[in-house]
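Got the viewer open? Load the model, spin it around for a moment, and then follow along stop by stop.

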Amino acid sequence: MNVRIKFLGAAQSVTGSKYLLEIGDYKLMVDCGMFQGPKELRLRNWSKLPVEEETIDAVILTHAHIDHSGYLPRLVKNGFKGPIYCTEATEGLLKIMLLDAAKLQEEEAEFAKKKGYSKHSTPEPLFNTEDAEMVLQLLKTSPYDFTNQVNGFIHFSFSNAGHILGSSIVELYIKGELLQKKMVFSGDLGGYNQPLLESPAVIKDTDILLVESTYGGKAIDHSNFEENFANKINTALDRGGCLLIPSFAVGRTQLLLYYFQKFQSEGLIPKCPIYVDSPMAISTTNLYQQYPDYHTLLPDDFKGDGLFDYPTIHYYKSQESSVTINDLRTNAIIISASGMCTGGRILHHLYHRLQRRNDTVLFVGYQAYGTRGRRLVDGETSVRIFGIDVPVECHIDNLVGLSAHADMNDLHQWLSNFNEAPKMTFIVHGEVENSIALANYLRIDQGWDNVYIPNYLESFELFRGI
């Protein structure tokens, strides 16, 4: 039995994670993400896959982020009918995130039709709500550290990746007639000793390794982080305006609430109102109570003055209540999605607040190349929102240290657990310079052979005649 891999995404980019394994005649996909960011990447979502979707037998998901799961409705739309394996908490998130992604696709297609900016007379969404609902019917869940039998010669288990709720490292075993081989997919790894989630699980051996490299060449200074964060909040509020934070609804918003509750209860920042203006973030926050085995919070964090029920925190779900936030001129913190300002309610807030000199926009996570968030962080003096060039008159700030991704030192620590170098290592999910930095570390500092940075759509033979 021969085994091949084809990189259908997250190859020299941080988006669109999709890896197609051909194990004899069996086709298994690990992750099935949408491309996000620059137009040249987003257009790949519309390209025909180099495999007939109905011939793919199964999918395994590392976690629920859209760049790892968001292509699933399109896959189903085009004929996939197999099982989709994920952790229990990932299923909970997918029920929120895929339906939201479908709604956005439908709204974007309708908007394009209304405004006439599509080259198609009747623009269609990449997928719709019905496609997303079909995905949910195919999910098969598993807890961490449980052996899942895919078929007679493939089994796997999920281990905690410490990235978001339910995120996992996949350990995949392929049993041939002569040998058994192991593959490890890191998924997206979190950092060590972070609030809310456990550190990534220790993996000691594998034949084939795929490891993410989002911060493969960047070390983040975590010293004095809380003091620095509190100072940025106070500086923004002292300007007499409001503080707007674009934040990912899954993981990042909950971490922000942890710090705001901590800072306010300790008197480090004023007890000003905090508005969470993201229906998805609110629904995600509720999942933490539903899946207690996937985080480090305690029952008291969900009641009284606990993390998600602190008196100054206000949750706004409706569009009507969201609009009223535009009238706030001073002494308020607003959290809204998306974290890279690519869509969602944050665009409405940016549209109003970028022109207010006393307001501050604080970025708290990685901003991918080509995104509106990256352009703002890089200092552009105007950005286009709703077809209008909006001048940037407010203060733009950036907080380092809150990312859900492992930084360079965390990646080195996680990789140091391997007893010996894998037969082949693939550096994925990173912009080119970060992937090169991690590859060079493994090749030069650790003496690992056969370290590759795959190209988009490149294939490799992993095993022959096992």
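Before you click on anything, a word on naming: helices (H or I, at least four residues) and strands (E, at least two) are DSSP runs, numbered from the N terminus. This is a predicted model, in which local features need pLDDT of at least 70 and side-chain atom pairs count only at pLDDT 80 or more, while totals for chains, interfaces and linings use all residues. Residues are numbered from 1 along each chain as its sequence is written, and side-chain values use heavy atoms, with hydrogens and water left out.

**Stop 1: E22**

Select residues 18-23: that's strand β2, and E22 lies in it. Is E22 buried or exposed? Neither, quite: its relative accessibility is 30%, so E22 counts as partly exposed (buried means under 20% relative accessible area, exposed over 50%, partly exposed in between, using a 1.4 Å probe and protein chains only).

Now show what E22 touches. Leaving aside residues up to four places away in sequence, you'll find N2, V3, R4 and K27; a contact here means heavy atoms within 4.5 Å. Then add L462: it sits 440 residues from E22 along the chain, yet their C-alpha atoms are separated by 9.9 Å.

**Stop 2: strand β15**

Next, select residues 333-336, which make up strand β15. Turn on the side chains: I333 and I335 point one way, I334 and S336 the other, and all of them are buried.

Which strands pair with β15? Add residues 243-246, strand β12, which pairs with β15 in the parallel sense over 4 bridges. Two strands pair if DSSP finds at least two bridges between them. To see one bridge, pick I245 and its partner in β15, I335.

Then add residues 274-277, strand β13, which runs parallel to β15 and is joined to it by 4 bridges. Here, pick Y275, whose bridge partner in β15 is I334.

**Stop 3: the whole protein**

Zoom out and show everything. The protein has 13 helices and 22 strands, and its C-alpha atoms fill a box of roughly 70 × 55 × 40 Å along the principal axes. Of the 466 residues, 59% count as buried.

What about long-range contacts? Among contacts with a separation of 6 or more, 73% come from residues 24 or more positions apart.
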